[in-house]
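This briefing introduces one protein to a reader who has not seen it before. It begins with the term needed for reading burial, then goes from the whole chain to single residues.

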Amino acid sequence: MNLVDAFLASGWEIIFCSSSKKNQYSENLSELGIRTEQVQFNDSSFDAFVSKESPDFVIFDRFLTEEQFGWRIQQFSPDSVRIIDTIDLHFLRREREKHLKAGMSLTDLAVCNFNLSTNDAYREIAAIYRSDCSLIISDFEIALLVERLKVPENLLFLSRFHYTEANPSPPFEERKNFAMIGNFRHAPNTDALHWLKNEIWPKIQRQLPFAQVHVYGAYPTKEIMNLTDSKTGFYVKGTAENQFETLRQYRINLAPLRFGAGIKGKITDGWWTGTPAISTSIGAEGMFEDLPWGGEISNDPHDFAMKAINLYQKKDAWEKCQTQGKAIIQRFYSNEPHSANLIKKLEAIRQNLAQTRGENFIGGMLNHHLHKSTKYFSLWIESKNSLKSPS
């Protein structure tokens with residue numbers, strides 16, 4: 001929605017295409033004047049559609065979407081600027097999860113002390129090369145791509161979350177309890193929930209027996225909901241109707257993430273509402289550069305709990321962390337400059353598209369050869385599906 005807002009503010013016409021069906025949580029895009037189109041995987045009807053529309057820009061929601069539709073855009077709307085919104089580096093998150101399960105420390109996970117030459121990395125970085133620009137949400141990930149994996153920096157653009165100026169937030173005295181928030185279809189959040197439940201919260205609860213932690217997130221399973229334990233003040237609440245209004249009620253925002261990538265919207269949402277965050281090195285990665293962190297950082301469950309207890313009880317320390325969080329939002333996540341810089345970057349690519357592609361030899365080579373695998377696999381599936389249809 002940050003991207004949508006930026007494009008609308010620049011007067012762009014937006015067509016939102018998805019293979020997913022709308023549900024009760026879908027944004028009402030039509031109210032914003034945005035046209036929506038239902039598209040199908042492995043179906044040549046998309047070819048005629050994109051050829052007719054001939055968009056100036058096509059933005060893929062993560063590299064998997066580029067794999068599915070990128071070759072069709074290249075063939076049927078070749079002058080469209082192709083952009084990937086990476087969200088985070090999926091290969092990095094998956095490798096961290098694998099090595100966490102193998103026993104690697106959070107410190108080594110944070111500095112990527114492991115091999116990155118994996119199938120996931122090959123696929124994601126190939127998609128980045130095939131595209132004209134990839135939006136990277138974290139300066140840490142840009143450094144990883146450029147310095148360690150030698151991706152040309154001109155193919156990347158730092159595009160963080162965007163926030164408007166925050167409203168006044170409730171003071172220390174009007175807040176109580178701890179919150180954790182995150183979609184439970186996202187593996188790092190489910191892992192963080194169990195780490196909190198089993199190793200961190202018991203330590204907090206012993207020192208603060210009347211405090212509670214309220215856990216929010218979409219798509220909780222029955223197993224997750226059953227983690228609620230009123231005796232220990234541990235409550236799984238399920239979906240938060242409005243994350244900002246929810247976080248404004250709490251004194252501390254807990255984000256005990258042991259693996260993941262990108263930057264953490266749960267933390268920036270908290271800062272925007274004036275709620276300090278306790279997180280790990282991975283949770284804090286790429287989010288605050290040289291500014292003081294808006295809360296506390298710890299990779300050890302006992303130390304994590306002690307820092308949470310201390311911040312919960314000490315008003316002066318809490319207010320200092322609240323101020324630091326708001327300063328990070330103002331400096332790195334302010335809406336207007338980021339939106340303007342994004343539009344300027346994309347327009348520059350469009351105006352110099354031939355040069356951009358001419359300088360990206362590896363991307364041209366991958367589009368010529370490796371993309372054929374996904375193209376012909378897609379055509380094979382479409383042909384196979386047609387055989388199943390009644391004649």
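A residue counts as buried when its relative accessible area is under 20%, as exposed when that value is over 50%, and as partly exposed in between. Asn-177, at 7% relative accessibility, is therefore buried. The model is a predicted one.

**Overall form**

- The secondary structure of the protein consists of 18 helices and 12 strands.
- The radius of gyration of the protein is 22 Å, which agrees with the value near 21 Å that a compact globule of 391 residues would have.
- Along the principal axes, the C-alpha atoms take up a box of roughly 65 × 45 × 45 Å.
- Of the 391 residues in the protein, 50% are buried.
- Among contacts with a separation of 6 or more, 69% join residues that are 24 or more positions apart.

**Surface and charge**

- About 19,200 Å² of the protein is exposed, and carbon and sulfur atoms supply 50% of that area.
- The protein has 45 positive and 47 negative charges, and the mean positions of the two sets are 5 Å apart.

**Arg-96, in helix α4**

- Arg-96 sits in helix α4, which covers residues 90–101.
- Its relative accessible area is 0%, so Arg-96 is buried.
- The side chain of Arg-96 reaches the backbone oxygen of Ala-110 at a distance of 3.1 Å.
- Leaving out residues up to four places away in sequence, Arg-96 touches a set of residues that includes Leu-109, Ala-110, Cys-112 and Phe-114.
- Phe-140, Phe-259, Gly-260, Ala-261, Ile-282 and Glu-285 are also among the residues that Arg-96 touches.

**Asp-191, in helix α8**

- Asp-191 belongs to helix α8, which spans residues 187–207.
- With 16% relative accessibility, Asp-191 counts as buried because the cut-off for that class is under 20%.
- Asp-191 and Arg-258 are 67 residues apart along the chain, while their C-alpha atoms are separated by 7.4 Å.
- The side chains of Asp-191 and Arg-258 make a polar contact at 2.8 Å.
- Apart from neighbours within four places in sequence, Asp-191 is in contact with Leu-100, Arg-258 and Phe-259.
- Phe-259 is therefore a contact of Asp-191 and is also touched by Arg-96, which is buried.

**Phe-63, in helix α3**

- Phe-63 is placed in helix α3, residues 63–76.
- A relative accessible area of 2% makes Phe-63 buried.
- Beyond residues up to four places away in sequence, Phe-63 touches Ile-84, His-90, Arg-94, Arg-123, Glu-124 and Ala-127.
- From Phe-63 to Leu-247, the C-alpha distance is 31 Å, and the two are 184 residues apart in sequence.

**Loop residues with a positive phi**

- Most residues other than glycine have a negative phi.
- Ile-87 is not a glycine, yet has a positive phi of about 70 degrees.
- Ile-87 lies in the loop between β4 (81–85) and α4, and its 36% relative accessibility counts as partly exposed.
- Asn-177 likewise has a positive phi of about 70 degrees without being a glycine.
- Asn-177 is found in the loop between β6 (156–158) and β7 (178–181).

**Phe-210, an exposed loop residue**

- Phe-210 is in the loop between α8 (187–207) and β8 (213–216).
- At 80% relative accessibility, Phe-210 is exposed, whereas Asn-177 at 7% is buried.
- The C-alpha atoms of Phe-210 and Asn-177 are separated by 8.9 Å, with their positions 33 residues apart along the chain.

**Asn-299, in the loop before α13**

- Asn-299 occupies the loop between β12 (295–297) and α13 (301–313).
- Asn-299 has a relative accessible area of 22%, so it is partly exposed.
- The side chain of Asn-299 reaches the backbone nitrogen of Ser-281 at 2.9 Å.
- Asn-299 and Ser-281 are 18 residues apart along the chain, with 6.6 Å between their C-alpha atoms.
- Not counting residues up to four places away in sequence, Asn-299 touches Leu-106, Thr-107, Trp-195, Thr-280 and Ser-281.

Note on methods:
Residues are numbered from 1 along each chain as its sequence is written. Side-chain values use heavy atoms; hydrogens and water are left out. Helices (H or I, at least four residues) and strands (E, at least two) are DSSP runs, numbered from the N terminus. Buried means under 20% relative accessible area, exposed over 50%, partly exposed in between (1.4 Å probe, protein chains only). A polar contact is a pair of N or O atoms within 3.5 Å; within protein, one must be able to donate a hydrogen and the other to accept it, and residues adjacent in sequence count only if both atoms are side-chain atoms. Contact means heavy atoms within 4.5 Å. The radius of gyration is taken over C-alpha atoms; the globule rule is 2.2 Å times the number of residues to the power 0.38. Accessible areas come from the Shrake-Rupley method with a 1.4 Å probe; for residues, only the protein chains shown count as cover. Lys and Arg count as positive and Asp and Glu as negative; His and the chain ends are not counted. The place of a charge is taken as NZ of Lys, CZ of Arg, CG of Asp or CD of Glu.
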